[in-house]
Amino acid sequence: MKKLKTLAIVMAALMVVACGSEEKKESGIAIIPAENFQKNIGGKEVVLMTIKNNNGLTAQITNYGARLVSLWVPDKDGKFIDVVQGQNTIDSYMNAYELYYGATVGRYANRIANGQFTLDGEEYQLDINDGENHLHGGSKGFFTVVWDAEQVSDNTVRLAYRAMDGEMGYPGNLDVVLNYSLDDDNTLRITYEAETDKPTIVNLSHHSYFNLSGAGKETINDHMLKLYASNFTPTDENLIPTGEIWTVYDTPMDFTEFHAIGDRVEEDYEPLVIAGGYDHNWVLDQADGVKVAAEIYSPESGILMTVYTDEPGIQFYGGNFINGTDRTKDGNGTHGFRSAFCLETQNFPDAPNHENFPSAVLRPGEKYERVCYYAFGIKK
């Protein structure tokens, strides 16, 4: 995999920031200075890179956890607003209560029961970091590592990471390449590729916390959500799928038409009570190919986000565990309860332990290839 020397990365990032400073005067986009992310972690340099498209959409990405730090898109009045919760320094990310702001999570996104699975007759024990379970790749998952980074162009960043055999308990050396790009159709495109030298399991996902009214706003309960899914996977009290697949119809899990997130979130429905709100995997109706998984818009800003993926599922998380500990990027407040949502395209949680769920196995000679697209427009 191609790697850039640290000096070259930092210079490229600083050049883009310098260009962005002129844009800031025109559009109100608040570019975070690259020096806020200059830090050596484990002998590798952390950097912050800025990409933009020809329409002015601007994103900032750090190689610490392959994170999306900010994403500026125009609202119904043409004003650019940042729609991604996060932090404005590397130290803040490292000390944040919410571990997964904007991160790439893996080697296996979501939960694996007791951190255990069996592959080809061999049992594996993964790191336990969520009660009795394994979550988002473990305590030192992909969200904690410094990826190799390359700014490919004004609108594209490429990141790469080699997860070693045995890392967090997973078998096989896994080589991962991730691309972020801002296309001129106002879409943030995320593509994943991975290869292994030993049979393993893989499930990569993007974990941005969005608020389409603007990062730092108090709630997403007014956001209108539609999921292209007629079923979901219920969980036990530890948020581990039972293996069943339930219909959403005649339940508060039904987002087959637009519904406000907050309308039914407090209903006395067992899956909601167990999770403290929405934190579930929906089974997408279209099984194969790239398809629309979700649409969501803010009545306040008018911003509509459409999610596309080739994955079989999408985790909708309504920010039930955000507790006001972390400060907003502008420093004027804190991230409060249900102030952001996540739409994580993925394989099903705990899939390696359920034969009726899609396979998560990757073998030598095969290539893992997945996409997640977030397209932005204005709700008509």
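**Salt bridges, cores and a few odd backbone spots**

Okay, let's start with one residue: Asp148 has a relative accessibility of 18%, so it counts as buried, since the cut-off is under 20%. Before I go on, keep in mind that this is a predicted model.

So what does Asp148 pair with? Its partner is Lys44, and the two form a salt bridge with the closest N and O atoms 3.1 Å apart. If you trace the chain, Lys44 is in strand β2, residues 44-46, while Asp148 is in strand β12, residues 148-153, so this pair links distant parts of the chain, 104 residues apart. Lys44 itself is partly exposed, at 30% relative accessible area. That gives us a bridge with a buried acid and a partly exposed base.

How many salt bridges are there by this rule? The count comes to 12, and I'll take two more pairs from the list.

Next up, Glu300 and Lys217. Their side chains meet in a salt bridge at 2.4 Å, N to O. Both sit in loops: Glu300 between β23 (291-297) and β24 (303-309), Lys217 between β17 (205-207) and β18 (224-227), so the bridge ties together parts 83 residues apart in sequence. For burial, Glu300 is partly exposed at 43% relative accessibility, and Lys217 is partly exposed too, at 33%.

Then there's Glu311 with Arg370, where the closest N and O atoms are 3.5 Å apart. Glu311 is in the loop between β24 and β25 (313-317), and Arg370 is in strand β28, residues 368-378, so here the pair ties together parts that are 59 residues apart. Is Glu311 buried or exposed? Buried, with a relative accessible area of 2%. Arg370, on the other hand, is partly exposed at 26%. And one last item on charges: Asp183, Asp185 and Arg189 are joined into one network by salt bridges that share partners.

Now for the nonpolar side of things. The largest nonpolar core has 68 residues, and the members touching the most others are Trp282 and Leu343. Which strand gives the most to this core? That would be β14, residues 174-183, with five residues.

Have a look around Trp282 on the screen. Leaving out residues up to four places away in sequence, its contacts include Leu227, Ala229, Phe232, Val248, Met253 and Phe255, plus the run Pro312, Gly313 and Ile314, and then Phe316. Asn231 touches Trp282 as well. Away from all that, there's a second, separate core of 16 residues, with Leu48, Val69, Ala96 and Val146 among them.

Last topic, the backbone. As a reminder, most residues other than glycine have a negative phi, and most peptide bonds are trans. Against that background, there are three spots to look at.

Gly106 and Arg107 are joined by a cis peptide bond, with omega about 15°. Arg107 lies in the loop between β7 (103-105) and β8 (111-112). Asn110 is found in the loop between β7 and β8 too, and its phi is positive, near 75°. Asn110 is also buried, at 3% relative accessible area.

The third spot is Met168, in the loop between β13 (156-163) and β14. Its phi is positive as well, near 60°. Why do we call it buried? Because its relative accessible area is 19%, and buried means under 20%.

That's it from me.

Key:
Residues numbered from 1 in each chain as written. Predicted model: local features only at pLDDT ≥ 70, side-chain atom pairs only at ≥ 80, totals over all residues. Heavy atoms only, no water. Core = buried A, V, L, I, M, F, W, Y, C linked by side-chain atoms within 4.5 Å. Buried < 20%, exposed > 50% of the residue type's maximum accessible area, 1.4 Å probe, protein only. Helix = DSSP H or I, 4+ residues; strand = E, 2+ residues; numbered from the N terminus. Contact = heavy atoms within 4.5 Å. Salt bridge = Lys/Arg side-chain N within 4 Å of Asp/Glu carboxyl O.
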